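Hi there,

Here is the structure I promised to pass on to you. Have a look at it first, and then read on for what turned up.

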Amino acid sequence: MKAIEYHRPTQIDEALALLGRATPLTMPLAGGTWLNQPGMEPVAVVDLQALPLNQLQRQGQLLQMGATCTLQSLLDAIPDVPDDLRKAIRHEASYNLRQAATIAGTLVAAGGRSPFTTALLAMDASAHILPEDQDISLGDLLPLRSEHLSGRLISRVTIPLNARLAYEYVARTPADQPIVCVAAAMWPSGRVRLALGGFGSTPLLAFDGSEPAGVEIAAQSAYSQAGDDWATAPYRQEMAGVLARRCLEKLQTS
Ligand SMILES: Cc1cc2nc3c(=O)[nH]c(=O)nc-3n(C[C@H](O)[C@H](O)[C@H](O)COP(=O)(O)OP(=O)(O)OC[C@H]3O[C@@H](n4cnc5c(N)ncnc54)[C@H](O)[C@@H]3O)c2cc1C
């Protein structure tokens, strides 16, 4: 990436004014692990590191994660982050990368293979968007990220702490990106949400309801067309069903 302008505001209003300009194309710079890659078109960048957006805060049953918290800080600072969310974070990126990659940057840059995004979609995470001061569910944000985020900023991402999570995947090696991954969240009310990753431009919500009997079939049908160079659609369908069943068993027995 070639930066044609570099700004490091200390006030959120200042950052929003820069991001809201019609020209030049201006983007938030968080950990920079994705934005700094070669081959990106020249842009003006607004470095978020001096903004007060790196707090992790509990509010009752919710965990509010500042947009610039790194993936590693989430592992280090919050002991009751669900174990399988930890597993998905470790699967997302290596230790070095986790120290730079931020929560919001990861969600914005994520493709369909992102374990962290798949887990947060299952947990029904929401993002707080500025300047509108509005929450948007990750499920609504992901397919339309460029439209929703043009000239805007994610200030924090919220997840429930009362939902349990199970995360399972198949990959060529344990540390490789998933060919198929499944995350299932279960609330005390019995609500279950199941998200699939491993394919396409964004993870997919396959199930949200309180009748878990349908989860396996929902997972299989959601990947009925999910064929690419990594795996055929029938293979992904089969694996999605198996992993969904495994996640559900884990949630029901833990
Ligand atoms: C060596 C290496 C290996 C990698 N391997 C993988 C991999 O295996 N799988 C994978 O999925 N990714 C991989 N990545 C990509 C990268 O790690 C992630 O996409 C990363 O988590 C991005 O986070 P970041 O904080 O560095 O974001 P940045 O690179 O700073 O930004 C990413 C995008 O998010 C936007 N953004 C950032 N913060 C905000 C905000 N608060 N509000 C609105 N928009 C925002 C930026 O404008 C930009 O468009 C790899 C990167 C590197 C360098």
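Alanine 183 has alanine 195 in strand 11 as its bridge partner. Strands here are DSSP runs of E with at least two residues, helices are DSSP runs of H or I with at least four residues, and both are numbered from the N terminus. Strand 10 and strand 11 run antiparallel and are joined by six bridges. Two strands count as paired if DSSP finds at least two bridges between them.

Before you go further, please note that this is a predicted model, where local features need pLDDT of at least 70 and side-chain atom pairs count only at pLDDT 80 or more, while totals for chains, interfaces and linings use all residues. Residues are numbered from 1 along each chain as its sequence is written.

Now for the sheet. Its four strands have the order 9-10-11-12, and the sheet is open, with antiparallel pairing. Strand 9 (164-170) and strand 12 each have a single partner strand, so one side of each is left without a neighbour in the sheet. From one strand to the next, the twist averages 15°. Axes are lines fitted to C-alpha atoms, for helices over the stretch in contact, and angles run from 0 to 180 degrees between N-to-C directions.

Strand 11 is joined to strand 12 (residues 204-209) by five bridges, and these two run antiparallel. Leucine 194 faces phenylalanine 207 across this pair. The two strands form a hairpin with six residues between them, and glycine 198 in the turn has a positive phi of about 115°.

Helix 3 (residues 83-92) lies across strand 9 and strand 10, at about 40° to strand 9. Helix 10 (residues 233-253) packs on the sheet as well, touching strand 9, strand 10 and strand 11. Contact means that the C-beta atoms of two residues, placed from the backbone, lie within 7 Å.

Where is arginine 191? You will find it in the loop between strand 10 (180-186) and strand 11 (192-197). Arginine 191 counts as partly exposed because it has 14 C-beta neighbours inside 10 Å; 20 or more would make a residue buried and 12 or fewer exposed, with C-beta atoms placed from the backbone. Arginine 191 and aspartate 208 are 17 residues apart in sequence, yet their C-alpha atoms are 7.2 Å apart in space.

Enjoy exploring!
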